[in-house]
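Colleague: Could you take me through one part of this model slowly, beginning with the aromatic side chains and then following the chain outward from them? I am in my first year, so please give the reasoning along with the numbers.

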Amino acid sequence: MPFAGTIKLKHFLLAVGGVGLLGGAALLFLSGGDDTVDTPTVGVSNTKTPETLPEKQPMSNDSAESVAFSWQGRALSSKKKKDVSSGKPFKINVYQDAGKSTVNRLKIDLDRDDKWDEKWTFSGDKVSRKKSSNDDENYDLQQEWQGNTWK
């Protein structure tokens, strides 16, 4: 039987993608990781971008607040994305509820203890959050983003 008939399409595509990824990494290595590139290369590390970043995510600030704000106005391909801050000391899940065209909610677990410390809501340009000051998912503080500060 010919080789093409014995391999599943998804395995073939994974193999081709892996070869392409290795080729790209080899080119980057051989070029010396050109430090003059200003735009991040998603999926490939270089000296300007130490980790893979979602589109529109600010590169200079890795705080939970910065990452959370980066999701405002972004559309999801599904109703929920888990742990969009993978590799960080905090965890963020984002949600796009039915009838919404962009992310309208997110939850932040600041210490990855599986208890949500903050719940944010995006409504147009308005941003509000509820905080659990005792890290027990009882939200005793509510704030709105006004100007450049929480009130």
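**The aromatic cluster and its surroundings**

Modeller: Phe69, Trp120, Phe122, Trp145 and Trp150 form one aromatic cluster, and please keep in mind throughout that this is a predicted model. Searching the whole structure gives six aromatic pairs. In one of them, phenylalanine 69 and tryptophan 150 have ring centres 5.9 Å apart and ring planes at 25°, so this pair is stacked. Its two members come from distant parts of the chain, with phenylalanine 69 in helix 3 (residues 64–70) and tryptophan 150 in strand 7 (residues 149–150), 81 residues apart.

Tryptophan 150 has a relative accessibility of 12% and therefore counts as buried, because the cut-off for buried is under 20%. Tryptophan 150 also pairs with tryptophan 145, and here the arrangement is edge-to-face, with 5.1 Å from centre to centre and 70° between the planes. Tryptophan 145 itself is partly exposed, its relative accessible area being 24%.

Strand 7, which holds tryptophan 150, belongs to an open sheet of seven strands in the order 1-2-3-4-5-6-7, with antiparallel pairing. Strand 1 and strand 7 are at the edges and have a single partner strand each, so one side of each has no neighbour in the sheet. At the strand 1 edge, the antiparallel pairing of strand 1 with strand 2 runs over two bridges, and lysine 80 stands opposite tyrosine 95 in strand 2.

Tyrosine 95 brings us to the charged side chains, since arginine 105 lies over the face of tyrosine 95, at 4.3 Å from the ring centre. Arginine 105 has a second partner, aspartate 97, and their side chains meet in a salt bridge with 2.9 Å from N to O. Both ends of this bridge are partly exposed: aspartate 97 has a relative accessible area of 28%, and arginine 105 has a relative accessibility of 28%. Elsewhere, the charged end of arginine 74 sits over the ring of tryptophan 71, 3.8 Å from the ring's centre.

Side chains of opposite charge can pair when their charged atoms come close. The search of the whole structure finds four salt bridges, and one of them leads back to helix 3, the helix that also holds phenylalanine 69. In this bridge arginine 129 is joined to glutamate 65, with 3.6 Å between the closest N and O atoms. Again distant parts of the chain are linked, arginine 129 being in strand 5 (residues 126–131) and glutamate 65 in helix 3, 64 residues apart. The two ends are not equally accessible: arginine 129 is buried, at 8% relative accessible area, whereas glutamate 65 is partly exposed, at 31%.

A further salt bridge joins aspartate 83 to arginine 112, the closest N and O atoms being 2.8 Å apart. This bridge connects two loops, with aspartate 83 between strand 1 (80–81) and strand 2 (91–95) and arginine 112 between strand 3 (105–109) and strand 4 (118–123), 29 residues apart. Aspartate 83 is partly exposed, with a relative accessible area of 24%, and arginine 112 counts as partly exposed too, at 31% relative accessibility. The backbone of aspartate 83 also deserves a look, as its phi is near 45°, a positive value in a residue other than glycine. Aspartate 114 has a positive phi as well, of about 65°, although it is not a glycine. This second aspartate lies in the loop between strand 3 and strand 4, and at 64% relative accessibility aspartate 114 counts as exposed, because the cut-off for exposed is over 50%.

Finally, a word on confidence, which varies along the chain. The average pLDDT is 77, and 61% of the residues score at least 70. Strand 2, where tyrosine 95 is found, has the highest confidence, at a mean of 98, while helix 1 (residues 3–6) has the lowest, at 58. Over residues 33–60 the pLDDT is below 50, and this stretch has 33 contacts in the model beyond near neighbours in sequence.

How values were computed: Residues numbered from 1 in each chain as written. Predicted model: local features only at pLDDT ≥ 70, side-chain atom pairs only at ≥ 80, totals over all residues. Heavy atoms only, no water. Phe/Tyr/Trp six-rings, centres within 6.5 Å; stacked < 30°, edge-to-face > 60°. Helix = DSSP H or I, 4+ residues; strand = E, 2+ residues; numbered from the N terminus. Buried < 20%, exposed > 50% of the residue type's maximum accessible area, 1.4 Å probe, protein only. Lys NZ or Arg CZ within 6 Å of the ring centre and 35° of its normal. pLDDT = per-residue confidence, 0-100. Contact = heavy atoms within 4.5 Å. Pairing = 2+ DSSP bridges.
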